[in-house]
Each structure stands twice: as structure tokens, then as C-alpha cells.
Amino acid sequence: MNPGIDLQQRFIETLTDFGLSDGISKLIWMPVPMLLMIFGATVGVLVSVWLERKISAAAQQRIGPEFIGPLGILAPVADGMKLVFKEDVVPANSDPWLFTLGPALVVIPVFLSYLIVPFGENLLVSNVGLGIFLWIAFSSIVPIGLLMSGYSSNNKYALLGGLRAAAQSISYEIPLALAVLAIVMMSNSLSTVEIVEKQAGYGILGWNVWRQPFGFILFWISALAECERIPFDLPEAEEELVAGYQTEYSGMKFALFYLGSYVNLVLSALLVAVLYFGGWELPIPIETLADLLHIPQDNAILQVVDASLGITMTLLKAYFFLFLAILLRWTVPRVRIDQLLDLGWKFLLPVGLANLLITAGLKLTLPFAFGG
Amino acid sequence: MFVLSGYEYLLGFLLICSLVPVLALTASKVLRPSSRGPERRTTYESGMEPVGGAWIQFNIRYYMFALVFVIFDVETVFLYPWAVAFHRLGVLAFIEALIFIAILVIGLVYAWRKGALEWS
């Protein structure tokens, strides 16, 4: 097994060569992957906003953004700049503190979840033992922010939208957690790196999706609902609720909601790739390729190629699911609130429990195929 | 074995992530024009004069869902350690989890039959 490159080790070694102590070198290194990850997530959002507009336009036989930059690629940047310069209108009857805290509480946990998104063996912010469970925990903070902003606006649309958003989030969190549980059981670990490594070795055949087809569908539906994407975008159903909990928001606070929702979407797509589609693994194992070309495993160039291929593969897989989510937006109509809750509680929850128990049973009977 | 390695990154990342909204709102505060006139700050109600506030007592239909959610969320929290250690526990743990889940499924069926999962 190729250990992959360890940037942290190299960086700290270089700094200690300059005469700095080990602790200080580690402290200097610490913010580097974090800032890179936040920057990467923001760029990922800009790209997905652009993709969303371009693909939506293509689905409706329009051209979409085309003037700002080549193919309109700078249109999301211009949108963001515009929102920075917009006036911040706080309703006179609102609670100004909660009104400001709401969007912050929505954005922070979503960004924080990028802690555990791996792009390679050592290419993540931190390989904490709690891993995927941290994401489940952080994603349950978001409904608090939504409720907070809905309630503090003192606006009927916002209040109803906030309540709906909270109900939807909590209803789909359980199927999501159950789908992740089945994966955790197969991997014997919560760590995202180990979950990907358990899928390695057999190329495309080793990916979890073949062993967890129902779990994958469960996860995908629940993730779409958690991200409030069509067909589950009831909290902001414009015909009924204007813009839901965002109704009173303008300027930068609105931009934070917008950013948060897209960061969450990209995060969900990345986690689909990590949990079910082998993360950074190629469809053909890279060790096999290296053996075919007679390149030794510890070749420096192979390791760099491996790392960059890993990042590319993760992003390719994630953006494929993003593409699916955008196409779904123009394919299916929005569900009603009773249909939404019925789907979550009366279908996905029993299916999730059954899937978990079947996985446990299969693990007992066929331990070699389900992670021992 | 309980090792807390890597969690200093969690704290650092929490700090940096908290700076995102703070920096964004500060930057916009410096750059944006200030609010003009009291009319702009009235509550939006599709262009009409707002009738009453939203901070009133009303029936939250999601209440029962929230209650059922708490039960099942705690269930999943209990199941996580079981799932991680399952490869070492064997058949007995499977039967135990089966009983645990069966009790909760009975609870779900009860809530379903009582109409707690109905939207009306």
C-alpha cells in the first residue's frame, strides 16, 4: 500500500531545519490546511453556483451567464461582490442579536464539517477518530440557526419557513444517520480515511455502493432534503412562503445563507463520493497501474501523481453528484409538506433500520465481503 | 483506549470557521451604505401594512415529530458504538441490537397508529 505524501511531515521538517523548535513548526503548520480547505470550499461554491446557472440554462435551452469572464465564469464572483455592497436592512420589530446570530450559526457548522473531508491519505485537515460522526453532530446545529433566524425576523413567512426547515432537517437526519451507520459497521471505524481505505484494492468493484445500494439511495435522498434542494425545498417554497426564513434578510447576511446552502451541497456531494464511491480511489487501483508500467511504489513522482489524481477523482465524483442534484431540480416537482414527512418517517426510517439490520446479518454470515 | 489526537485541529478550525461570518459581516459593514428611513425597516408582508406580529402563541404541528425525533436520534447515538465494535462482538450483540431496535419499532408503530406522524 502506498503511504502517500505527508505534507505536514515535510513542512515541519523543513521548518525545524531552519532552527525552529518542533512545537512552533507544528503551530505554524496548523492554520495552513484549514485556510486552504476554507478557500477550496468557497471556490467550490463559486464553481457550483456557476454550474447550477449554466446547467439550468442548458436544461431550459437558454444560454445562461456569458458576459462576465469567459463563459460567464465570474458571474458568481460578481454576485458575491454585489451582496457585499448591499445595504443591511434589519426589520424594526426583529430581535437584532438573534437576527445576526442565525446566519452565522448556519454557516459555521457547515464549514466546520470540512474538517473530516479527505482528499487523500494525509490530505485532510485532521483525521480525528470521531470522523463521520462529527459531521452528523455538526449538521444538527444548523436547524437551530434556521429556527433562530425564522423566529427573530418577527415575520410570519419567516417563522413558518424556519419551523418547516427545522422539521425537515430533523426528519431526515435519522435516515441519514442510519445510512451512515451501515457504512460505519462495514468499515469498523468512524474515520473517513479508514472508510475510504476499506474500499481500496479492487478498483471500482470495491466501492461501498455495490454493498450498500439501498443505503446509498437513502443517503442521497436524505442529503438532498438536508440541503433543502428541490424536490425538498419547502422551507423556501416561493409560492407559499416568499423566501421562508430568508424573507427579511438582505446583503451580507443573505449571502451567508446562500453560501451556507451551497457549501452544504458541495459537502454532501463530497461525502457521497467518500462514503459510497471510494473517495480518492481510481476505478482501476493505482498500484496495479504502477506494476503494469514497472514503476516502484516509493517513486516520488508516482506519489505526487497519486495525490493529485486522488484530489481530482474526489472532486470529479463529487461534482458528478452535484450535476445530478442540479438536473433533479429541473426534473421533479416539489413535494408537499405531508408527503415530505410521510416519506421521511414512514418510508425512509423503516428502510434505514432494515438496511442496518440486514448489513449486520450479512456481516455475520459473509464477514469477508462486509469488512470482517 | 481513548486518545484525543487531532482534536487540537478541531478547536483551531472552529476558531477559523467562526471568523468567516465575522469577517464577512465586518467587511460589508465598512463598505455598504447605511440604512435610510424607518419605512425600509417595516416587516415584509407582500406589500401590505403588516397585521400583528409573529411572536404569538400558535399550534406547532411539528411538536410530535420533534418528540419522536429525540427518541430516534438518541437511538442512533447508542447504535454508533455498537456498529464500530460489531466485528468484535458477534452474534450476541446482533440479537441485543435486534431487541433494542424492535422495542423502538414498536414505539414507532404506536406513534404511527396514534396519528402522531400525520400532518393535520
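Start by selecting α8 (156-187) of chain A together with helix α2 (residues 63-84) of chain B: α8(A) passes α2(B) in a left-handed crossing, the term for a near helix turned anticlockwise from the far one by less than a right angle, clockwise being right-handed. Helices here are DSSP runs of H or I of at least four residues, and strands are E runs of at least two, numbered from the N terminus.

A word on what you have open: this is a predicted model, in which local features need pLDDT of at least 70 and side-chain atom pairs count only at pLDDT 80 or more, while totals for chains, interfaces and linings use all residues. Residues are numbered from 1 along each chain as its sequence is written, and chains are lettered from A and ligands numbered from 1 in the order in which they are written.

Stay with the helix pair. The axes of α8(A) and α2(B) come within 10 Å and cross at roughly 15 degrees, with axes fitted to C-alpha atoms over the stretch in contact and angles running from 0 to 180 degrees between N-to-C directions. That makes α8(A) roughly parallel to α2(B), since angles under 35 degrees count as roughly parallel, over 145 as roughly antiparallel, 65 to 115 as roughly perpendicular and the rest as oblique.

Next, show the residues between them. On α8(A), pick out Ile170(A), Ile174(A), Leu178(A) and Leu181(A), among others; on α2(B), those in contact include Phe65(B), Phe69(B), Phe72(B) and Tyr80(B). Contact means C-beta atoms, placed from the backbone, within 7 Å. The residues of this helix pair's contact divide into 16 nonpolar, 2 polar and 2 charged. Nonpolar covers Ala, Val, Leu, Ile, Met, Phe, Trp, Tyr, Cys and Pro; charged covers Asp, Glu, Lys and Arg; the others, Gly among them, are polar.

Now widen the selection to the whole interface, where 62 residues of chain A are in contact with 52 residues of chain B. α3 (31-59), α5 (96-112), α13 (251-276) and α16 (337-365) are among the elements of chain A giving two or more residues to that side, but the largest share, 13 residues, comes from α8(A).

Finally, look at chain A by itself, with its 16 helices and 0 strands. Its C-alpha trace spans about 65 × 55 × 45 Å along the principal axes. Select helix α6 (residues 132-139): 7 of its 8 residues are buried, so α6(A) is largely enclosed by the rest of the structure. Buried means 20 or more other C-beta atoms within 10 Å of a residue's own, exposed 12 or fewer, and partly exposed in between, with C-beta atoms placed from the backbone. Among the buried residues are Phe133(A), Trp135(A) and Phe138(A).

Notes:
Two residues are in contact if their C-beta atoms, placed from the backbone, lie within 7 Å.
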